[in-house]
Amino acid sequence: WGYFLSATFKEYALITDMFSLSGRVPLIKGKSAREALEEKGMWEHYKASYPYNPMAKFSQSYAVGYESMTNDADLSYYGVISIGTPPQSFQVIFDTGSSNLWVPSIYCSSMCFDVVLHTGFTCFTSFQVGGIQVAHQIFGLSTTEAPFMAYMRADGILGLAYPQLSSSNAQPVFDNMVQQGLVQDFFSVYLSGNSHTGSEIIFGGYNPNHYTGSLVWIPLSSETYWQITMDSVTINGQVVACSGGCQAIVDTGTSLIAGPNSHFYVSDFVRALIFKWDLLRTRSFSQAVVNCNSISSMPDVTFNIHGSSFSLPASAYVRQVSAASFLFCCLQSGYYGCSTGFSNGGSSLWILGDVFIRKYYTVFNRGTNSVGLAKAV
């Protein structure tokens, strides 16, 4: 011990002498990183892309899960997950309008779940999506079938809404990811248009290359669905729906934009929207078929939310009816053309589905209970 203490004091004396000989180190004032970015007009973009987190150096590192999605004719988007050991792969719709994970059981002849009431049984096992491994994930094995699901390419649904909507009190996949410390508490969605590739969902991150400008953050009005308060819907500055405000949910699992039946009928809205643009027929479920030659002259529809305006041009809310969907969409009208992306929703809520999300890159933030929107590119 005597030798150790003696050596320690000698080292201390040597270090003290070194500092006394070295003198003072001058500090030079220069531009901050923020000032340099502001001069280049990049500060707002950088701030949105890399939010300031002073605790980042003290916290654990998180993974970011990228999962590409297949665009099925602009009507649905699905990606691949794996369940169990050895892993079995399924194609699922990533649905922010529900909270459970459902895949078909061996007792079904085809797609075996009902989007309103799932009937089946649940299991616990390992789960993987986008390179993220989740332990002890509960999921449902369905034994009943919604008939139309037999014609979809997806096998099941991965719900991304809040736990309050979950059947059987099952912990949703994303909640497990966050609670197990795998990812940060937000995810983002980019949906391509015109059946193009490139759609993706990112768990614990978002991609600035898929949007322009800054994200506009909108607080949730209810932590069940991703529900927000919408101020109004306008065309050419005139309120055409949602006068005085209404509730809406941002839902990746719904193809169209749907309005509530209680105080608004989409058929009336569509007529008001396109009566000068050659409305050919409004079908019983209130989707309208229009003349494709009229799209360029049809107006923007603007959704005013939390003080910001989000406009959809006609090219975004009208789609060409493909030959494959002709029998389903247009046989009643006797016309082969274009259909609008608006429909009755059957509830008290507006649903801002894929027609809206294709135009606006969306970040779903559980940490702040908010939705971030920016114009997609």
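**Two disulfides and an enclosed strand**

C292 has a relative accessible area of 23%, so it counts as partly exposed, given that buried means under 20% and exposed over 50%. Keep in mind that this is a predicted model. The bonding partner of C292 is C338, with the two sulfur atoms 2.0 Å apart. The torsion about their S-S bond comes out at about 110 degrees, so this disulfide is right-handed. It ties together distant parts of the chain: C292 sits in the loop between β18 (288-290) and β19 (301-305), while C338 belongs to strand β22 (residues 338-340), 46 residues apart. At the C338 end, relative accessibility is 2%, so that cysteine is buried.

How many disulfides turn up in a search of the whole structure? There are two. The other one to look at joins C242 to C246, with an S to S distance of 2.0 Å. Here the angle about the S-S bond is -110 degrees, making the link left-handed. Both C242 and C246 are buried.

Now over to strand β26 (residues 370-376). Six of its seven residues are buried, so the rest of the structure largely encloses this strand. Strand β11 (residues 211-219) runs antiparallel to β26 and is joined to it by six bridges; in this pairing, I218 stands opposite V371. Strand β25 (residues 360-365) is also antiparallel to β26, again with six bridges, and Y360 has K375 as its bridge partner there. β25 and β26 form a hairpin with four residues between the strands, and in that hairpin N369 takes a positive phi near 50 degrees.

Methods
Residues are numbered from 1 along each chain as its sequence is written. This is a predicted model: local features need pLDDT of at least 70, side-chain atom pairs count only at pLDDT 80 or more; totals for chains, interfaces and linings use all residues. Side-chain values use heavy atoms; hydrogens and water are left out. Buried means under 20% relative accessible area, exposed over 50%, partly exposed in between (1.4 Å probe, protein chains only). Helices (H or I, at least four residues) and strands (E, at least two) are DSSP runs, numbered from the N terminus. Two strands pair if DSSP finds at least two bridges between them. A disulfide is a pair of cysteine sulfur atoms within 2.5 Å.
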